[in-house]
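Here is a short note for a colleague who is opening this structure for the first time. Please keep the sequence and the 3D view at hand while reading.

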Amino acid sequence: MSEIFLEPWTEEDGKARVSTLFTQTFNKKASVFSCAPGRVNLIGEHTDYNDGLCLPIALPHKTFVALSYRDDDVVRLISDQGELWRGKITDIVPGMEQSWVNYAGGPAWSLGIVRGFDAAVVSCVPLGAGLSSSAAIEAAMAFALQPPQNAHDRQPIVDACIRAENEVANAPTGGMDQTVSIFANRGEAVCIDFFEHTQTHVPADFTQAGLCLLVIDTRAKHSLSDGQYGKRRAQCEQAKKELGLASLRSARLADVDQLQGIIAQRLRHVVSENTRVSDAIAALSARDFTTLGQLFLQSHESLRDDYEVSSPELDCAVETAMAHGALGARMTGGGFGGSAIALIHESQRDDIARAIREAHVDAGFPEPAFLVAHASSGAHLIAE
Ligand code: GLA
């Protein structure tokens, strides 16, 4: 058996697929097409909801939407998973039944859309892999529903996608995924500062150095609405309260000594991770990939030991990648399953993927899937 590498669709292919699904389902042509990417975070995990720093890139793997407004208040949504949903625009509200419609329809609620519409969604972002398939649907739908006229229109769309995720899908996530899915540029990572509310683009091209970023989807179940993610947020709130701070962004490592047990551990992760993001930006800018790799590994250890959001599958992927020559590796995203990344020499890609697959199969874990991440563009409309 060989390793499975999930290839992204080209934009033409994605558009053709979503156009076909739309026309077959609704028997008419769509009037607007859009797409938005999933993401991997290079570093800066569980910092977004703590006013911190993170450094994600957009994946070349995207979600595609075809949409037409209607003259009534009916909404019909179809996905390539074969599910057709029909309701009214007023049915899409916080508290509605939990399903993929929360992500696909949620942005219509948060954007204040009152008109009905028909929409089709297809995606090559792996689902449930911690690669933000949900943010990709939200962003692609929001762009189709209310195309931004200029760059300034993008932040309100990000905010609408975050509200859809938090309030309609009930996942208390922090905003990194929607921000990068909308603000990403090709060849660049996005340093998101959640205290200053700024995004700074940082060149992130590994191929020039003969390197690549291998993404390992452990295929171990990953969920952000099962309580563990919310629990980490609550522990950070407690750290803030105990320290009497308005924001954990102003916490320092010395503050850790003032806290006890688990709360001290959680704070140590958040404070040290923000520093690692700044160090990673310096390393990327200096093209010092050895240092970048070491920062990846330190981030993983902190997430595993202090924040306790890793899993045996993620640890296995990281350890195996490191044992086979990776410059660095870490879990990426929320954790508790999902995906890991490894910065590797491109020439070793197949060997490292094979070693990881064998290690996972030997340990009785699900067989992982792989993809290669190049920093790609953010959400946009696709011309007719
Ligand atoms: C998930 C959330 C993000 C972020 C990460 C952890 O991906 O959606 O908002 O908190 O976890 O960094």
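The points below go from the whole chain to single residues.

1. **Overall fold.** Please bear in mind that this is a predicted model. The chain holds 10 helices and 13 strands. Its C-alpha trace spans about 60 × 55 × 40 Å along the principal axes. The chain has 384 residues and a radius of gyration of 20 Å; a compact globule of that length would come near 21 Å, so the two agree.

2. **Packing and contacts.** Of the 384 residues, 59% count as buried. Contacts reach far along the sequence. Among those with a separation of 6 or more, 73% join residues 24 or more positions apart.

3. **Surface and charge.** The accessible surface comes to about 15,100 Å². Carbon and sulfur atoms supply 48% of that surface. The chain carries 32 positive and 49 negative charges. The mean positions of these two sets are 4 Å apart.

4. **Annotated domains.** Two annotations come from an unreviewed UniProt record. "Galactokinase N-terminal" is placed by UniProt at residues 21-68. That span is 12% helix and 52% strand in the model, and its end C-alpha atoms are 13 Å apart. "GHMP kinase C-terminal" covers residues 280-359 in the UniProt annotation. Here the model gives 57% helix and 15% strand, with the end C-alpha atoms 29 Å apart.

5. **Helix α2.** How many of the 10 residues of helix α2 are buried? The count is 8, so this helix, residues 101-110, is largely enclosed by the rest of the structure. Among the buried ones are Val-101, Asn-102, Pro-107 and Ser-110. The cover over these buried residues includes strands β4, β5 and β6 and helices α3 and α4. Just after α2, Gly-112 takes a positive phi of about 75°.

6. **Leu-145.** This residue sits in helix α3, residues 133-145. Its relative accessibility is 4%, so Leu-145 counts as buried, the cut-off being under 20%. Leu-145 touches several residues beyond its sequence neighbours, including Tyr-69, Ile-113 and Phe-117. Pro-107 and Ala-108 are also touched by Leu-145, and both belong to the buried residues of α2. Leu-67 is another contact of Leu-145. These two leucines are 78 residues apart along the chain, yet their C-alpha atoms are separated by 7.7 Å.

7. **Tyr-49.** Is Tyr-49 buried or exposed? At 9% relative accessibility, Tyr-49 counts as buried. The residue lies in the loop between β1 and β2. Its contacts outside the local sequence include Gly-174, Arg-232, Arg-233 and Cys-236. Tyr-229 and Tyr-307 also touch Tyr-49. Leu-371 makes a useful far reference: it is 322 residues from Tyr-49 in sequence and 28 Å away in space, C-alpha to C-alpha.

8. **Two backbone angles to check.** Most residues other than glycine have a negative phi. Arg-219 has a positive phi of about 60°. Arg-219 is found in the loop between β9 and α6, and its relative accessible area of 43% makes it partly exposed. Glu-308 has a positive phi of about 55° and is not a glycine either. Glu-308 is found in the loop between α8 and α9. With a relative accessible area of 36%, Glu-308 is partly exposed.

How values were computed
Residues are numbered from 1 along each chain as its sequence is written. This is a predicted model: local features need pLDDT of at least 70, side-chain atom pairs count only at pLDDT 80 or more; totals for chains, interfaces and linings use all residues. Side-chain values use heavy atoms; hydrogens and water are left out. Helices (H or I, at least four residues) and strands (E, at least two) are DSSP runs, numbered from the N terminus. The radius of gyration is taken over C-alpha atoms; the globule rule is 2.2 Å times the number of residues to the power 0.38. Buried means under 20% relative accessible area, exposed over 50%, partly exposed in between (1.4 Å probe, protein chains only). Contact means heavy atoms within 4.5 Å. Accessible areas come from the Shrake-Rupley method with a 1.4 Å probe; for residues, only the protein chains shown count as cover. Lys and Arg count as positive and Asp and Glu as negative; His and the chain ends are not counted. The place of a charge is taken as NZ of Lys, CZ of Arg, CG of Asp or CD of Glu. UniProt positions are given in the numbering used here, feature names are shortened, and annotations may be inferred rather than shown by experiment. Lists of a residue's contacts leave out its neighbours within four places in sequence.
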